[in-house]
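Work through the exercises below with the sequence and the model at hand. Each task is followed by a solution in steps.

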Amino acid sequence: MSRPRCCVAFSGSIGTVDLNVRGADLVLFGPGTNLHIRWIVRGDSPYREPKDLIGKRIATQAEGSEQYKLARVIAARNGIDLKRDVEVIFGPATANLALFERGDVEGVLLPEPTASRVIARGARQIAHLGELWQKANNTNIPAFLVGLAARRSRVEDNRDAATHIARLFTLADRSIHDRPSLLIDHAAEIGVPAAETEAIRLLPERMVDAYTTGWDKPLLDLINRQTAFAVETGVLPRLPDKPFLVASPVDGI
């Protein structure tokens with residue numbers, strides 16, 4: 001007898017909803033990572049908060065990426081229209097970092113651990129997108145970036161397998177919260193060369209909160225709020241016809 005299969009990928013809530021509106025039928029069924037994008041400026045920059053960059057040139061991830069779409073949503077929640085108020089150059093994190101270090105842009109939106117690498121070289125963080133979301137929404141629940149995704153039929157037909165996968169990722173993420181030194185031990189695997197000792201030292205204090213440790217109703221409600229605000233701000237055309245979040249019993253493992 002063949003084993004049940006559940007083909008899984010990581011997807012963000014905005015990307016999942018966008019695909020569903022276009023005819024897909026995907027669901028998110030387990031944890032992944034919280035939003036870990038940072039607003040970065042040079043160490044000698046006069047800018048102190050994101051609003052100071054209105055009218056300036058910044059670099060960020062690809063326009064179709066979950067990171068940029070969430071950045072638009074959260075910037076709007078904080079009074080900044082990234083489509084109108086700043087000049088944006090799109091590219092991968094490494095290319096954006098090169099633009100930033102050459103002085104071609106005044107600021108850059110970087111994910112971890114790239115943000116920690118540039119901070120270790122003297123740049124300055126003026127905001128954490130996830131913390132901006134928490135403040136704007138008066139919540140202590142971290143903003144969601146990506147989670148486990150699959151076709152609805154796959155999850156429904158292989159419910160036990162999907163639950164086991166969700167629990168596996170929950171255990172992995174919780175282990176990082178329990179032992180932040182794992183980030184130092186595996187710095188090379190997450191993209192920080194061994195020679196960058198200061199960046200590696202920063203990883204436990206800067207990256208632990210990037211890992212989602214649960215999949216409960218408060219988090220699912222938060223994800224729904226993120227997508228609803230994405231519709232309000234025009235990042236998404238509308239919400240999907242069917243719920244796209246599936247509860248997985250990961251607690252108590």
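Two strands pair if DSSP finds at least two bridges between them. Helices (H or I, at least four residues) and strands (E, at least two) are DSSP runs, numbered from the N terminus. The model is predicted: local features need pLDDT of at least 70, side-chain atom pairs count only at pLDDT 80 or more, and totals for chains, interfaces and linings use all residues. Residues are numbered from 1 along each chain as its sequence is written, and side-chain values use heavy atoms, with hydrogens and water left out.

**Exercise 1.** Find how strand 3 is joined to strand 7.

Step 1. Strand 3 covers residues 38-41, and four bridges join it to strand 7. The two strands run antiparallel.
Step 2. One residue to look up is W39, whose bridge partner in strand 7 is A127.
Step 3. Place the pair in its open sheet, where five strands follow the order 5-4-6-3-7 with mixed pairing. Strand 5 (87-90) and strand 7 (124-128) are the edges, each pairing on one side only.

**Exercise 2.** Determine how helix 1 is covered.

Step 1. Apply the cut-offs: buried is under 20% relative accessible area, exposed over 50%, partly exposed in between (1.4 Å probe, protein chains only).
Step 2. Eight of the nine residues of helix 1 (13-21) are buried, among them I14 and V17.
Step 3. With contact taken as heavy atoms within 4.5 Å, the cover includes strand 2 (26-34), helix 2 (66-77) and helix 10.

**Exercise 3.** Locate D221 and state its exposure.

Step 1. D221 lies in helix 10, residues 217-232.
Step 2. Its relative accessible area is 30%, so D221 is partly exposed.
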